[in-house]
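Colleague: I would like to learn how charged side chains are read in a model such as this one. Could you take me through the general idea and then the case at hand?

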Amino acid sequence: MACTLQIQAEKILEEIAPKPDSAAVSANMKALHDFLEQKLDVRGACLAPELIEQFVEVVTPISDYTYRWKLNTGSKKEKHERADLMAVTGKPVLTFTIDFETAKKYREANKMPHQFRRAAWSDLTVEVYL
């Protein structure tokens, strides 16, 4: 019963809540982009796995060396509401590249074996979406 009331209340709020204007949405996206760039220095040697587990909802390989991350925004979406990361139309909020030196430092910092060679390395590109 309480769940039904909550769903009805959410539907009513969606109907009466004003739609955000595009300038406000753009400002919020810029603020989020700036925050991510400031807080997540992906060029560092160690990115905590907990950080990825907490904030990255889906990782989708796009090509051999390109991945798209969908950030967890805290709201659970139904299957039909989820974005298809293979066919995105907007720009990512953040894009970064993992080069050989970054991967080498990461492996050293996390005490991983050194079983990869520079000549065989291809840089990885990660696009981050909301």
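Colleague: Are arginine 68 and glutamate 127 buried or exposed?

Modeller: In this predicted model, arginine 68 is buried, and glutamate 127 is buried as well. As a general idea, side chains of opposite charge can pair when their charged atoms come close. Here the side chains of arginine 68 and glutamate 127 form a salt bridge, with 2.6 Å from N to O. That pair connects distant parts of the chain, since arginine 68 belongs to strand β2 (residues 66–71) and glutamate 127 to strand β4 (residues 124–129), 59 residues apart.

Colleague: How many salt bridges does a search of the whole structure find?

Modeller: The search finds 2 salt bridges. Besides the pair just described, the side chains of arginine 118 and glutamate 101 meet in a salt bridge at 2.5 Å, again taken from N to O. This pair also links distant parts of the chain, with glutamate 101 in helix α4 and arginine 118 in the loop between α4 (100–109) and β4, 17 residues apart.

Colleague: Why does glutamate 101 count as partly exposed?

Modeller: Partly exposed lies between the cut-offs of 20% and 50% relative accessible area, and glutamate 101 counts as such because its relative accessibility is 32%.

Colleague: What pattern does the chain follow when it is read along the sequence?

Modeller: The chain has 4 helices and 4 strands, and their pattern along the sequence is α-α-α-β-β-β-α-β. Of the 130 residues in the chain, 16% are buried.

Methods
Residues numbered from 1 in each chain as written. Predicted model: local features only at pLDDT ≥ 70, side-chain atom pairs only at ≥ 80, totals over all residues. Heavy atoms only, no water. Salt bridge = Lys/Arg side-chain N within 4 Å of Asp/Glu carboxyl O. Helix = DSSP H or I, 4+ residues; strand = E, 2+ residues; numbered from the N terminus. Buried < 20%, exposed > 50% of the residue type's maximum accessible area, 1.4 Å probe, protein only.
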